[in-house]
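Let's take a walk through this fold, moving from the hydrophobic interior to a charged residue that deserves a second look. Have the viewer ready.

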Amino acid sequence: QVQVMESGGGLVQTGGSLRLSCSASGRIFSINEMEWYRQVPGKQRDWVAGITRDGSTRYEDSVKGRFTITREGKKSVYLQMNSLKPEDTAVYYCAARGTVVLDRPGINDYWGQGTQVTVSS
């Protein structure tokens with residue numbers, strides 16, 4: 001059983017910072033890429049940032065220069081969010097994409113339950 005858990009959300013004023021954490025647990029052999037998504041009620045879930053096993057990073061255009069994704073080991077990832085704006089308000093989800101689990105065939109994706117980020121104006 002693989003579980004993905006996020007933490008670090010909260011309420012912050014415009015221009016403030018938050019650091020989200022995500023950790024995957026279970027008999028994980030490897031995770032190809034860990035990613036952050038966000039979703040506002042009534043809208044689709046949007047990709048925010050991703051980091052591969054070899055440390056390559058990529059960002060959605062609206063967060064470039066403000067958000068930084070880092071990885072610790074093969075199961076944990078962080079999202080440092082600076083210069084936050086009200087439009088960053090959303091539930092943030094972590095995803096472990098391309099996960100290989102010991103003694104389990106196939107490659108799967110696993111998602112966390114999300115953490116709320118609210119930026120007040």
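Start at Leu-79. Setting aside residues up to four places away in sequence, Leu-79 touches Leu-18, Arg-19, Leu-20, Trp-36, Val-48, Ala-49, Phe-67, Thr-68, Ile-69 and Tyr-92. Keep in mind that this is a predicted model.

Zoom out a bit, and Leu-79 turns up again in the largest nonpolar core, which has 30 residues; Trp-36, Leu-79, Met-81 and Tyr-92 are the ones touching the most other members. Several strands give two or more residues to this core, among them β3 (18-25), β4 (28-39) and β8 (76-81). The largest share, five residues, comes from β9. As a rule, nonpolar side chains in soluble globular proteins tend to be buried together.

Now follow β3. Its side chains alternate: Leu-18, Leu-20, Cys-22 and Ala-24 point to one face and are buried, whereas Arg-19, Ser-21, Ser-23 and Ser-25 point to the other and are not. As for partners, β3 runs antiparallel to β1 (residues 3-7), with five bridges between them, and Met-5 is paired with Ser-23. Six bridges join β3 to β8, also in an antiparallel arrangement; here Leu-18 has Met-81 as its bridge partner.

Finally, hop over to Arg-71, in strand β7 (residues 67-72). What is the nearest side chain of opposite charge to this buried arginine? That would be Asp-54, but it sits 7.4 Å away and Arg-71 has no salt bridge. Instead, look at backbone oxygens: the Arg-71 side chain reaches that of Thr-52 at 3.3 Å, and one of its polar atoms lies 3.2 Å from that of Lys-74. Beyond its neighbours within four places in sequence, the contacts of Arg-71 include Ile-31, Glu-33, Met-34 and Val-77.

Conventions
Residues are numbered from 1 along each chain as its sequence is written. This is a predicted model: local features need pLDDT of at least 70, side-chain atom pairs count only at pLDDT 80 or more; totals for chains, interfaces and linings use all residues. Side-chain values use heavy atoms; hydrogens and water are left out. Helices (H or I, at least four residues) and strands (E, at least two) are DSSP runs, numbered from the N terminus. Buried means under 20% relative accessible area, exposed over 50%, partly exposed in between (1.4 Å probe, protein chains only). Lys and Arg count as positive and Asp and Glu as negative; His and the chain ends are not counted. A salt bridge is a side-chain nitrogen of Lys or Arg within 4 Å of a carboxyl oxygen of Asp or Glu. A polar contact is a pair of N or O atoms within 3.5 Å; within protein, one must be able to donate a hydrogen and the other to accept it, and residues adjacent in sequence count only if both atoms are side-chain atoms. Contact means heavy atoms within 4.5 Å. A nonpolar core is a set of buried Ala, Val, Leu, Ile, Met, Phe, Trp, Tyr and Cys residues joined through side-chain atoms within 4.5 Å. Two strands pair if DSSP finds at least two bridges between them.
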